[in-house]
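This report describes selected side-chain pairs, helices, surface features and backbone angles of the structure shown below. Please keep the sequence and the model at hand while reading.

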Amino acid sequence: MQNFSFRNRIALNYIITTALLIGLVFVTIYMVVEYNVSNHLNKDLQREVERHSQEIEVRNGTITLKRHKEWMEREHNTVGVDPVFIEFLDINGNLIDKSPNLKSSNLLYNPNQEDNVFFNGELAEKRIRQVQVPIQNENGTRVGHLLVAVAREGSEVVLEALRHILLFTYPIILIILFFVARFIAGRSIKPINHIIDTSNKITRDNLTERIPLPHNKDELYVLSDTINQLLNRIEKTIEREKSFTSYASHEFRTPLAVLKGTLEVLIRKPRSPEEYEEKVTYCIKEIDRLNHLVDDLLILTRFENQKQSLHIDTVKIDSVIKDALKYLSANIQQKNIDIDYLSFSDDIDIQTDKYLFTTVLSNILSNAIKYSHSKGRVGIQLQKENNAIICEVKDTGIGIPEKDMEKIFDKFYRSADRAEIKGFGLGLSIVKRFCSLLNIEVEFFSREGIGTTVRLQIPQS
């Protein structure tokens with residue numbers, strides 16, 4: 001069965017179930033017909049028993065027929081189509097009288113046979129149905145036996161014909177049903193063939209193919225739709241991967257090209273110590289930028305495809321913010337930015353991953369300072385709201401154009417209007433990913449030329 005096609009397996013399983021059901025129906029039909037035939041014979045026997053019981057009288061313990069001559073003339077002298085056979089026996093089983101159609105034959109008498117119970121037997125190689133009835137005197141004492149039988153040849157012919165018909169039609173019905181089920185199964189699984197054909201056409205360079213959806217919204221429709229949705233996600237993932245690779249290679253080439261060009265110019269002719277110091281210092285800054293890019297890429301790679309195991313610990317938000325501001329102090333002093341930090345009087349503790357949370361706040365504060373004007377202002381505010389801590393970082397910088405708001409979390413995306421500000425476009429991608437891991441809700445509100453507000457809703461546990 002393992003070598004059968006899916007269509008044949010469906011048809012075969014259907015046929016096995018149907019065969020059991022049809023077999024049960026056929027057996028039931030045969031048993032019902034057999035019961036009705038036997039019941040009809042039993043009723044005939046019962047009528048004959050009642051009729052012949054009235055012909056008997058018991059005198060002084062002797063069984064006699066009331067009108068023997070008339071009875072003999074009335075009974076069949078030859079075997080008819082449905083003959084009735086009668087025998088009268090005494091208490092010892094000796095024959096008293098019998099119907100003329102028995103001729104030299106006798107009905108089977110069994111002293112152990114229960115009275116008034118119908119059973120099958122044979123008479124001169126003919127199949128009969130028989131019953132034994134006790135003959136009693138006026139005191140209720142058994143004095144003899146009445147044996148009555150009818151031929152069941154006609155009934156047996158009907159049952160045998162029915163049996164042959166059922167046995168003959170059973171395999172024919174199953175064979176017909178198999179091919180019908182195979183045809184229906186073939187049409188039913190047609191969408192699976194479309195799935196196979198479409199899957200064979202899909203490659204890394206051709207992800208636009210989609211499976212045609214069936215007309216009926218059944219399980220195959222759900223399967224096809226689910227696969228199409230999966231293909232959409234795969235296509236988007238591969239497009240992001242291609243974009244990521246393209247941007248990453250570009251971001252690596254640019255500083256490397258600058259480093260190479262600077263060093264080539266530097267060695268063309270002797271330079272003064274000041275010139276060497278200036279160029280080497282510039283190269284070091286570019287190398288630092290490359291290191292920062294590598295760190296960001298490693299972070300994204302580490303946490304992009306799976307939920308990294310979090311190291312939950314008690315973290316003081318005030319300390320994290322102060323450490324981040326201390327790290328950015330050089331940039332803050334260079335641009336003469338005013339930091340307005342409003343917090344609770346007490347330390348604010350949360351249960352989170354310290355590394356991820358520190359990275360989130362550092363990137364947000366770094367962007368706020370980077371995109372602020374000289375002598376600008378960055379406000380940091382903490383407040384409680386239900387069971388969460390709300391952290392807002394608000395700057396008075398250049399803001400984000402409305403057309404760029406939907407793309408701010410894309411990797412390597414940077415607005416063309418902000419090309420003069422150095423960066424790689426990975427900071428907010430990291431913020432978005434880490435906030436998702438830490439169950440932190442992040443919202444951005446920005447107006448171009450006015451400033452940007454980042455709102456974090458941090459669960460306390």
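A salt bridge is taken here as a side-chain nitrogen of Lys or Arg within 4 Å of a carboxyl oxygen of Asp or Glu. The model is a predicted one, in which local features need pLDDT of at least 70 and side-chain atom pairs count only at pLDDT 80 or more, while totals for chains, interfaces and linings use all residues. Residues are numbered from 1 along each chain as its sequence is written, and side-chain values use heavy atoms, with hydrogens and water left out.

**Salt bridges**

Side chains of opposite charge can pair when their charged atoms come close. By the rule stated above, the count comes to 10 salt bridges. The table lists three of them.

| Pair | Closest N to O distance |
|---|---|
| Arg47 and Asp44 | 2.1 Å |
| Lys316 and Asp349 | 3.2 Å |
| Arg455 and Glu443 | 3.4 Å |

Helices (H or I, at least four residues) and strands (E, at least two) are DSSP runs, numbered from the N terminus. Accessibility is graded as buried (under 20% relative accessible area), exposed (over 50%) or partly exposed (in between), with a 1.4 Å probe and protein chains only.

Arg455 and Glu443 are joined by a salt bridge. Arg455 belongs to strand β14 (residues 451–459) and Glu443 to strand β13 (residues 441–447), so the pair ties together parts that are 12 residues apart in sequence. Arg455 counts as buried because its relative accessibility is 15%, whereas Glu443, at 35%, counts as partly exposed.

A salt bridge also joins Lys316 to Asp349. This pair links distant parts of the chain, with Lys316 in strand β8 (residues 312–316) and Asp349 in strand β10 (residues 349–353), 33 residues apart. Lys316 is partly exposed, with a relative accessible area of 36%, and Asp349 is partly exposed at 35%.

The pair of Arg47 and Asp44 lies within one element: both residues are in helix α1 (residues 6–53), three residues apart, about one turn of the helix. Asp44 has a relative accessibility of 19% and therefore counts as buried.

A network of salt bridges links Arg127, Arg152 and Glu156. Within this network, Arg152 lies in the loop between β7 (142–151) and α3 and counts as buried, at 10% relative accessibility. A polar atom of the Arg152 side chain also lies 2.9 Å from the backbone oxygen of Ile128.

**Two helices with a buried side**

Which residues of helix α7 (residues 317–327) are buried? They are Ile317, Asp318, Val320, Ile321, Ala324 and Leu325. These residues cover an arc of only 165° around the axis, which puts them on the same side of α7; the arc is that of the directions from the helix axis to the C-beta atoms. On the other side of α7, Asp323, Lys326 and Tyr327 are exposed.

In helix α4, the buried residues are Pro191, Ile195 and Thr198. Their arc around the axis is only 75°, so they lie on the same side of α4. The 12 residues of helix α4 (residues 190–201) should span 16 Å at 1.5 Å a residue, and the end C-alpha atoms are 17 Å apart, which agrees. The expected span is 1.5 Å times one less than the number of residues.

**A nonpolar surface patch and a buried strand residue**

Phe168, Ile172, Ile176, Val180, Phe183 and Ile184 form a nonpolar patch on the surface, with about 590 Å² of accessible area together. Patches are made of residues with over 30% relative accessible area and no salt bridge, with like charges joined within 9 Å and nonpolar side chains (Val, Leu, Ile, Met, Phe, Trp, Tyr) within 5 Å. Accessible areas come from the Shrake-Rupley method with a 1.4 Å probe, and for residues only the protein chains shown count as cover. Ile184 is placed in helix α3 (residues 153–188) and counts as partly exposed at 47% relative accessibility.

Phe88, in strand β3 (residues 84–90), counts as buried at 2% relative accessibility. Phe88 and Gly144 are 56 residues apart in sequence, and their C-alpha atoms are 7.4 Å apart in space.

**Positive phi angles**

Most residues other than glycine have a negative phi. Asn336 has a positive phi of about 55° although it is not a glycine. Asn336 lies in the loop between α8 (329–335) and β9 (338–342) and is partly exposed, with a relative accessible area of 48%. Asn439, likewise not a glycine, has a positive phi of about 60°. The loop between α10 (427–437) and β13 holds Asn439, which is exposed at a relative accessible area of 59%.

Conventions
Polar contact = N/O pair within 3.5 Å; in protein donor to acceptor, adjacent residues only side chain to side chain.
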